[in-house]
Amino acid sequence: MAVRCVVGLQWGDEGKGRVIDLMTDVVDIVARYQGGNNAGHTVVIEDNTFKLHLIPTGILRPGKKSVICNGVIVDPAALLEEIAQLEAAGLDVSSNLLVSDRAHVVMPYHKAIEAVSEEIRSGAKNDTTGRGISPCYADKASYNGIRICDLYDEELFRRQVRTNLALKNPVLKQWSSGGEMSEDAIVEEYLGYAQQIRPYVCDTIAYLNQAIDAGKRVLFEGAQGSMLDVDFGTYPYVTGSNATVCGIPAGAGIAPRNVEEVLGVLKPYTTRVGAGPFPTELTDATGDKLRERGKEYGATTGRPRRCGWLDAVAVRYAMKLSGVDRIALTNLDVLSTFEKIGVATAYTAQGQAQEHFPAAPAQLASCEAQMKWFDGWTEEITEIRAYDRLPTNARVFVEAVEQMLCVPIQTVSVGPERSQVIHREG
Ligand code: IMP
């Protein structure tokens, strides 16, 4: 398969980074098509833990190209910091990173406006990562966005900043503790970034299409998770982009028919950072145990993640949106020592079965998850590398999940290390 995609099937943090890292061995290019530095992909290689926020995971494999496509929004300061960290770890970023000239730029006023809107929403906060994501995407849609290519036309760029400040400064003056922002300061700061990122900037649409035509193997890396997709997720408790496979054509500039295979990633339980309905949430000691065993704290913000049982209803919905061919099941080791393990197989509301995933948050919040229960296993499984060596109850659980989802589970991971993965036959 020349063009593949890895997509998260829950609310993010499914372990996509480690799955992508394994696949980068057999691809030429890894490309990000949506999101910004709100993402946090953690990859553990021997004694080093890498937390990638903006740069595709391919950067960790020497010689592989990493592309930040047009659908990604780029905070240049964050990008430069990530480049510096990777180079300090001995990785060759300058030969391998490409950044789209059409990608939109996260500006300082995006973060300030986001803080203000979270404040104003008070009771209905989204609990964003605070990286300016949704205001930046909103500006893209309102034609007030600033793209990377604009940074190289000083007159245009200054005019764009002036227009944005004319719109935003009155709001910031009234609502933001930081007050109004200065055109000169922003222009000076960003022109400096523009020079520093210049060597990476190019037409990634031309680059990717030429690569695909030449038969290069491309892997698209989804950030966040399907249930945070701005169109299909639990709106308004979502992120500003299309985190499903639907985001690839618009976010990378390739034709939809090019995507030949989709690998869905999921954990055998559910986590969610931030607000929004969560039908299988566990707010008790079992949820705390999942959080502690799974080290479920945000890679970007360090916030404790909300934890609950696997929600097969949400996962099946997510799988339909992206047309998932195979599944990578991560974090199975986290479930060791639980006496009983639950999976939601259906929702009911007022005693009625819900046939479709509800659109309204209140409707989803009122759904009752119908659970199927499995016996757990007592032994730790982190050292196991062959599927048939897993405890019987672990295999019964994996195979039951596979049946519920009707798609093969190809790999099962049993720890965060590159080597802690079990490949199944077939
Ligand atoms: P934003 O993307 O910062 O606007 O945040 C919107 C919602 O998506 C918040 O609930 C965040 O916690 C959540 N979110 C954003 N990025 C990630 C991620 O990479 N993993 C998990 N949740 C995320």
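# Exercises: a loop, a ligand and a pocket

Gln224 is found in the loop between β10 and α8 (helices are DSSP runs of H or I with at least four residues, strands are E runs of at least two, and both are numbered from the N terminus). We're working with a predicted model, where local features need pLDDT of at least 70 and side-chain atom pairs 80 or more, while totals for chains, interfaces and linings use all residues. Residues are numbered from 1 along each chain as its sequence is written, and side-chain values use heavy atoms, without hydrogens or water.

**Exercise 1.** Work out which backbone features stand out at Gln224 and at Pro236.

*Solution.*
- Step 1: Start with Gln224, where phi is near 55°, a positive value in a residue other than glycine.
- Step 2: Move on to Pro236, which sits in the loop between β10 (218-221) and α8 (247-253).
- Step 3: Check the bond before that proline: Tyr235 and Pro236 are joined by a cis peptide bond, with omega about 5°.
- Step 4: Put that in context: most residues other than glycine have a negative phi, and most peptide bonds are trans.

**Exercise 2.** Which residues are closest to the ligand, and how much of its 470 Å² does the protein bury?

*Solution.*
- Step 1: Take the shell, meaning residues with a heavy atom within 4 Å. It has 17 residues, and Asp13, Asn38, Thr129, Thr239 and Arg303 are the closest.
- Step 2: Sort the shell by class: six are nonpolar, eight polar and three charged. (Asp, Glu, Lys and Arg count as charged; Ala, Val, Leu, Ile, Met, Phe, Trp, Tyr, Cys and Pro as nonpolar; the others, Gly among them, as polar.)
- Step 3: Look for polar contacts, i.e. N or O pairs within 3.5 Å. A polar side-chain atom of Asp13 is 3.2 Å from a ligand nitrogen. For Gln224, our residue with the positive phi, a side-chain N or O atom lies 3.4 Å from a nitrogen of the ligand. Val273 uses its backbone: a polar atom there is 3.1 Å from a ligand oxygen.
- Step 4: Now the area. On its own the ligand exposes 470 Å², and the protein buries 97% of that (Shrake-Rupley method, 1.4 Å probe).

**Exercise 3.** Say which residues and elements line the second largest pocket.

*Solution.*
- Step 1: Count the lining: 18 residues, with Met23, Arg326, Gln410, Thr411 and His423 nearest the centre. (A pocket is an open set of points on a 1 Å grid where a 1.4 Å probe fits, with protein on both sides within 12 Å along at least five of seven lines; lining residues have an atom within 4 Å of a point.)
- Step 2: Find the elements. At least two lining residues each come from α1 (16-23), β14 (326-329), β18 (409-413) and β19 (421-423).
- Step 3: Split the lining by class: nine nonpolar, five polar and four charged.

**Exercise 4.** Why is the chain, with its radius of gyration of 22 Å, as compact as a globular protein of that length?

*Solution.*
- Step 1: Tally the elements: the protein chain has 12 helices and 19 strands.
- Step 2: Compare the radius. The chain's 22 Å is close to the 22 Å from the globule rule for 426 residues, so the chain is as compact as a globular protein of that length. (The radius is over C-alpha atoms; the rule is 2.2 Å times the number of residues to the power 0.38.)
- Step 3: Add the dimensions: the C-alpha trace spans about 65 × 50 × 40 Å along its principal axes.

Notes. Polar contact = N/O pair within 3.5 Å; in protein donor to acceptor, adjacent residues only side chain to side chain.
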